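Let's take a walk through this protein, stopping at a few spots along the way. Keep the structure open and turn it as you read.

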Amino acid sequence: MAAKTGTRTSIRIVVAGDRGTGKSSLIAAAASESFPDNVPSVLPPTHLPADFYPDGVPLTIIDSSSSMDNKFKLYEELKRADAVLLTYACDQPMTLTRLTTYWLNELHQLGVKAPVILVGCKLDLRDEHRPTSMEDIVAPIMKQFREIETCIECSAATLLQVPEVFYYAQRAVLHPTAPLFDLERQSLKPRCKNALRRIFTLCDRDMDGALSDEELNEFQVKCFNAPLQPNEIVGVKRVVQENLSIGVNDHGLTLPGFLFLHALFIEKGRLETTWAVLRKFGYDDDLNLSGDYLPVPSKQAPDQSMELSNEALDFLRGVFQLLDTDNDGALRSIELEELFSTAPECPWDEPPYKDSAEKTTLGNLTLSGFLSQWALMTILDPPSSLANLIYIGYGGDPAKALRVTRRRLADRKKQKTERNVFQCFVFGPKKAGKSALLNTLIRRPFSKNYSSTTEDSYAMNMLESVQGGQKTLILREIPEDGVQKFLSNEECLAGCDVAVFVYDSSDEDSWNRSRELLVEIARKGEVSGFGVPCIVIAAKDDLDPTPLAVQDSVRVCQGLGIESPIPVSSKSGDSNNVFNKILSAAEHPHACIPETERGRNRKRYHKLFNRSLIFVSVGAAAGVVGLAAFRAYAARKNTSN
């Protein structure tokens with residue numbers, strides 16, 4: 001059943017429409033399988049049992065009143081609906097017009113995303129002398145309102161097509177058309193094509209680009225628990241070849257033929273066939289892999305993070321080499337499209353991933369940039385990272401593809417770390433040079449054009465570690481205007497390995513603001529227990545520095561117990577090895593953690609408090625021993641007397 005209906009255990013259907021269109025009679029006729037003589041104006045919730053329809057999912061049908069007094073209740077029910085039936089009376093053309101002028105617009109304004117079925121009631125009362133084609137009337141409406149799944153006309157009085165009404169509503173929920181098929185273009189939607197392409201690839205065991213008879217049978221048994229007979233396989237191929245010459249070749253059914261078959265199923269109303277296949281391979285209603293197929297390990301503490309395992313990284317390196325057909329050490333856009341052709345979409349087309357990794361002068365993604373993108377996705381969105389690994393063909397144990405790192409607090413106590421990916425938060429005032437620093441990390445040319453950053457942005461690359469091996473450094477720029485919102489989260493520094501503070505060395509005001517941010521972050525770390533190593537960068541070193549800022553910055557850093565500012569010029573390309581210094585600070589998590597005067601006083605207080613507790617404990621222990629000795633002495637004295 002799971003292959004047919006996903007994980008749904010019930011379906012809620014709301015019936016709405018103008019007064020007198022036959023809503024209550026329709027529901028009562030479906031439940032009793034007879035035309036009721038007396039029907040209340042609004043029925044209580046009506047239940048159709050699981051065995052009412054073949055899919056085995058029970059229905060709850062909600063009747064509604066079109067009275068203005070009950071408008072709020074109706075709106076709440078519509079928002080909770082899995083499917084909506086909008087009724088009109090076949091003998092009252094105005095009620096059909098009202099669907100487009102009122103009801104469908106109301107659903108839009110309420111943000112109702114459920115599929116909609118248009119239901120013409122009282123078909124037995126339609127004027128036979130004025131024949132009309134339902135298709136001609138409804139087609140323009142369905143073209144305008146894409147949420148309409150289908151339209152059906154019925155008669156509660158004669159029971160004509162009454163059961164079919166709720167069957168179509170159930171099917172619209174369990175086997176929806178919208179995710180799979182573009183009705184206007186009469187073609188499979190891109191996400192559906194990509195899912196079926198992945199399924200085809202998984203079933204093509206010999207990787208010859210076609211499903212042989214044996215492979216077709218294995219696919220059939222996996223999805224439907226029944227093999228195809230030889231004559232059925234011949235028939236399937238014949239249908240494909242008659243309609244699509246490239247759909248079959250000497251090796252069997254090709255990918256275009258496989259896609260054609262599913263488009264044909266959908267066009268003929270057999271959506272349950274395609275949905276059965278998709279669900280058998282783990283897809284949910286949005287054509288993403290469902291959570292049951294994504295065993296993402298869970299973090300126990302906020303200062304842990306997620307990284308790719310060595311096995312997953314080796315797989316990605318192999319994929320990169322396979323796609324890099326011209327051996328230039330970089331992937332073109334078309335090669336990335338090919339990589340993610342079996343995923344719902346390319347996950348890196350939008351921020352924060354877009355333009356955040358190293359590319360060549362031709363705009364192609366390097367191996368370092370490729371692996372860094374995966375590292376960022378694994379930290380920010382582990383389920384998405386694991387899902388995309390599986391989409392592109394990762395065949396290892398999904399439960400071992402990601403690993404949870406040790407707590408950062410434990411790293412600081414041990415004075416070493418086992419992490420391979422480090423996240424650095426970059427703070428500073430506007431025009432200090434934060435974005436230029438990020439661009440330098442990914443070797444993007446310096447630009448004189450300034451644009452203020454309003455959202456967090458990222459840049460990441462792989463660096464050679466002094467301790468051996470490659471590490472991934474992720475820089476996260478936090479805009480000045482977003483700092484207070486950032487600090488409002490008590491655990492905001494838990495995911496940070498190093499905090500970097502950038503200021504314009506030629507601007508004293510820039511340093512003053514950066515100093516305020518430094519002290520603010522240092523205090524936050526002391527209060528939250530997530531203190532982090534801090535580095536100050538004096539940017540724009542190609543300009544004349546402000547002497548007061550230089551002196552004060554050195555004094556402040558010394559007072560906090562961290563290293564003096566590092567001069568950097570992104571314009572001249574002089575990074576002063578700053579990224580290796582950031583990496584070194586991350587690899588020594590116990591060092592360069594600033595200590596404010598308030599923090600020192602708190603530490604002294606805790607030491608005095610703990611020492612006084614020791615004195616009290618020792619004194620109490622001595623008192624207990626003395627009391628015990630006195631009692632023993634008194635007991636002996638009483639015995640001798």
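Start with helix 2 (residues 23-32) and helix 6 (residues 162-174), whose axes come within 9 Å and cross at roughly 95°. Keep in mind that what you're looking at is a predicted model. Two packed helices are described by the angle between their axes and the distance between the axes, which is just what you've been given here. With that angle, helix 2 and helix 6 count as roughly perpendicular to each other. Who does the touching? On the helix 2 side you'll find Leu 26, Ile 27, Ala 29 and Ala 30, and they meet Val 162, Val 165 and Phe 166 of helix 6. Sort the residues of this contact by class and you get 7 nonpolar, no polar and no charged residues.

Now slide along to another pair. The axes of helix 9 and helix 10 (residues 255-267) come within 10 Å and also cross at roughly 95°, so helix 9 and helix 10 are roughly perpendicular to each other as well. From helix 9, Val 236, Val 239, Val 240 and Asn 243 take part, and they meet Gly 257, Phe 260, Leu 261 and Leu 264 in helix 10. By class, the contact of helix 9 with helix 10 has 6 nonpolar, 2 polar and no charged residues.

Just before helix 9 there's a spot worth a look. Asn 225 sits in the loop between helix 8 (213-224) and helix 9 (230-243). Asn 225 isn't a glycine, and yet it has a positive phi of about 60°. Is Asn 225 buried or exposed? With a relative accessible area of 66%, Asn 225 is exposed. Asn 327 tells a similar story: its phi is positive, about 55°, although Asn 327 is not a glycine. You'll find Asn 327 in the loop between helix 12 (310-323) and strand 13 (330-331), and it's exposed too, with a relative accessible area of 66%.

While you're in this part of the chain, check the record: UniProt, in an unreviewed entry, places the feature "domain: EF-hand" at residues 311-346. In the model, that span is 56% helix and 6% strand, and its end C-alpha atoms lie 22 Å apart. A little further along, a cis peptide bond joins Pro 351 and Pro 352, with omega at about 5°. Pro 352 belongs to the loop between helix 13 (333-339) and strand 14 (365-366).

Next, hop back to Ala 114, in the loop between helix 4 (93-110) and strand 5 (116-121). Loop or not, Ala 114 is buried, with a relative accessible area of 8%. Leaving out residues up to four places away in sequence, Ala 114 touches Ala 81, Asp 82, Ala 83 and Val 84. Lys 79 is 35 residues from Ala 114 in sequence, but 8.4 Å away in space, C-alpha to C-alpha.

Last stop: the cysteines. A disulfide is a covalent bond between the sulfur atoms of two cysteines. How many disulfides does the model have? The count comes to 0. Take Cys 192: the closest cysteine sulfur, in Cys 223, is 13 Å from its own, too far for a bond when the cut-off is 2.5 Å. Cys 192 is buried, at 0% relative accessible area. For Cys 424, the closest cysteine sulfur is in Cys 496, at 6.4 Å, and that's too far for a bond as well. Cys 424 also counts as buried, with 1% relative accessibility.

Key:
Residues are numbered from 1 along each chain as its sequence is written. This is a predicted model: local features need pLDDT of at least 70, side-chain atom pairs count only at pLDDT 80 or more; totals for chains, interfaces and linings use all residues. Side-chain values use heavy atoms; hydrogens and water are left out. Buried means under 20% relative accessible area, exposed over 50%, partly exposed in between (1.4 Å probe, protein chains only). Axes are lines fitted to C-alpha atoms, for helices over the stretch in contact, and angles run from 0 to 180 degrees between N-to-C directions. Helices (H or I, at least four residues) and strands (E, at least two) are DSSP runs, numbered from the N terminus. Angles under 35 degrees count as roughly parallel, over 145 as roughly antiparallel, 65 to 115 as roughly perpendicular and the rest as oblique. Contact means heavy atoms within 4.5 Å. Ala, Val, Leu, Ile, Met, Phe, Trp, Tyr, Cys and Pro count as nonpolar, Asp, Glu, Lys and Arg as charged, and the others, Gly among them, as polar. UniProt positions are given in the numbering used here, feature names are shortened, and annotations may be inferred rather than shown by experiment.
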